[in-house]
Structure formats: C-alpha cells, structure tokens
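Visitor: Could you walk me through this model and show how each label is earned?
Guide: Gladly; ask away once you have it in view.

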Amino acid sequence: MVNLIFAVIAYLIGSVSFAVVVSKVMGLPDPHSYGSGNPGATNVLRTGNKKAAILTLIGDGLKGYAAVMLVKHLGPGYGVDDTGIALAALAVFLGHLFPVFHRFAGGKGVATAAGILFAIHPLLGAGTLASWLIIAFFFRYSSLAALVAAIFAPFFYVLMFGVDIIAGAVLVIGILLIARHRSNIAKLLAGKESRIGEKKKV
C-alpha cells in the first residue's frame, strides 16, 4: 500500500507538463499546436525562445529527479525498498507521457527519464547523458540521441549494479521512450527528421 501511495504521488508529479506551464507563463503558443505537437523542450525551442526551452528541459528533468529522490529519502522510514523506487520511477515517467492534468497528452520523456536516472545514481545519469550529448553533437538529431541513450541506459545500469527490479524499471522506461519516438524513427529513415534548432520539416 505504501509503495502504491508513493507511486501515485510520483505519477502526479510527472503529470505536470513544464512545456505547457512555461509556454503559458511566457505567452507562447501551446506546444501541442505547432511543430511536432510534442510538449517537450525540443519542440518549445522551435518557437525561437531558448529560455523557454531551457526552463522546460530543467523542469521536466527535475520532476523525474524529485519523484525518485522523494521515495529514496522518505521511503525507507515506511518500509519502502527497491520495489518502491522502481515503481516511483515508472510512475513519474508515465505521468509525463500521460499527464492527468493535460488530458493525457504528454511528451516523449527524454528529460524526465534523465532526471530519473540521475536520481537512481549520478553515474548512471552521467553515463546516459554523455551518450545523448555525443550523438546530439555529431548528428544534431535530438530523437536519434534519445534512442541511443534509451538503449544504453539499461546496459549501463546492469554493468554498474547488476540485474534487479530497478534495472527492470530502467529497461521498461527505455522501451516506452523508444515507442514514443516511432514517428521520429520513420522520419530518420526517410531523411525527413528535423535537426536540433531547425523548424519542423513538412
């Protein structure tokens, strides 16, 4: 029951879409209404407002980090173990993908996943972020970088900590993230995917 309570709290935290919140506060269009239609930092950047994109990135990352750290710090006092941490990680990610506060129309989860990984362990987050940055720098495709990072994250975890329930959660998050990038995969294969900083291709 305690695990479930923490999972629900994590889901609600994840359901706060910072792309929508930041855009509304800064007088920008709803991110669902332009570009890829994805409420995330990459799409917000298409408005040309770098500050809004950075704030979205930070906010979405911090909510993933906060939800997992909440369970790691408070959970042990209520008998919550690794199972509770794994459930919270999945719940906050699902909250971002299917936010109850925004008609379940969420983002693709890259920044939130990064926050989750850093909360699980800083080295796990740093290793996965490094793989994202390398691909993004050389190829300038945010989606390709996210796909590579999603594939590497479970392997990084297993190499560092072995196979356990948290490894399973990281794997599921990676699979969900890849699934959310189905349209991007098709565009990458067709050569129609927009590079970082470009306006969406038609």
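Guide: What follows is a set of questions about labels and the values behind them.

Visitor: What kind of model is this, and how are the residues counted?
Guide: This is a predicted model, where local features need pLDDT of at least 70, side-chain atom pairs count only at pLDDT 80 or more, and totals for chains, interfaces and linings use all residues. Residues are numbered from 1 along each chain as its sequence is written, and side-chain values use heavy atoms, leaving out hydrogens and water.

Visitor: Which residues does the "transmembrane region" annotation cover?
Guide: According to the unreviewed UniProt entry, that annotation covers residues 83-101, 113-139 and 145-178. UniProt positions are given in the numbering used here, feature names are shortened, and annotations may be inferred rather than shown by experiment.

Visitor: How much helix is there in residues 83-101 and in residues 113-139?
Guide: Residues 83-101 are 79% helix and 0% strand, with the end C-alpha atoms 26 Å apart. Residues 113-139 are 96% helix and 0% strand, and their end C-alpha atoms are 21 Å apart. Helices here are DSSP runs (H or I, at least four residues), as are strands (E, at least two), numbered from the N terminus.

Visitor: How many aromatic pairs are there, and what makes two rings a pair?
Guide: Rings of Phe, Tyr and Trp (its six-membered ring) pair if their centres lie within 6.5 Å; planes under 30 degrees apart count as stacked, over 60 as edge-to-face and the rest as tilted. By this rule there are four aromatic pairs. One of them joins Phe6 and Tyr78.

Visitor: Why is the pair of Phe6 and Tyr78 called edge-to-face?
Guide: The centres are 6.2 Å apart, within 6.5 Å, and the planes are 65° apart, over 60, so the pair is edge-to-face. Phe6 lies in helix 1 (residues 2-14) and Tyr78 in the loop between helix 4 (50-74) and helix 5 (82-97), so the pair ties together parts that are 72 residues apart in sequence.

Visitor: Buried or exposed: which word fits Phe6, and which fits Tyr78?
Guide: Buried means under 20% relative accessible area, exposed over 50%, and partly exposed in between (1.4 Å probe, protein chains only). Phe6 has 9%, so Phe6 is buried. Tyr78 has 58%, so Tyr78 is exposed.

Visitor: Why is the pair of Tyr157 and Phe161 called tilted?
Guide: Their centres are 4.9 Å apart and their planes 50° apart, neither under 30 nor over 60, so this pair is tilted. Both rings belong to helix 8 (residues 142-161), four residues apart, about one turn of the helix. Tyr157 is buried at 4%, whereas Phe161 is partly exposed at 36%.

Visitor: How do you know that Arg180 lies over the face of Phe98?
Guide: A charge sits over a ring if NZ of Lys or CZ of Arg is within 6 Å of the ring centre and within 35 degrees of the ring normal. Arg180 lies over the face of Phe98, at 5.2 Å from the ring centre, which is within the 6 Å limit.

Visitor: What describes the packing of two helices?
Guide: The angle between their axes and the distance between the axes describe it. For helix 6 (residues 110-120) and helix 7 (residues 122-139), the axes come within 5 Å and cross at roughly 145°. Axes are lines fitted to C-alpha atoms, for helices over the stretch in contact, with angles from 0 to 180 degrees between N-to-C directions. Among the residues making the contact are Leu117 and Phe118 of helix 6 and Leu129 and Trp132 of helix 7.

Visitor: What is in contact with Tyr141, and what makes something a contact?
Guide: Contact means heavy atoms within 4.5 Å. Not counting residues up to four places away in sequence, Tyr141 touches Ala136, Leu188, Glu193, Ser194, Arg195 and Ile196. Tyr141 is in the loop between helix 7 and helix 8, and Tyr141 counts as buried at 14% relative accessibility. Tyr141 and Arg195 are 54 residues apart in sequence and 4.8 Å apart in space, C-alpha to C-alpha.

Visitor: Where is Ser143, and why is Ser143 called buried?
Guide: Ser143 is in helix 8. The relative accessible area of Ser143 is 5%, so the cut-off of under 20% is met. Leaving aside neighbours within four places in sequence, Ser143 is in contact with His181, Asn184, Leu188 and Glu193.
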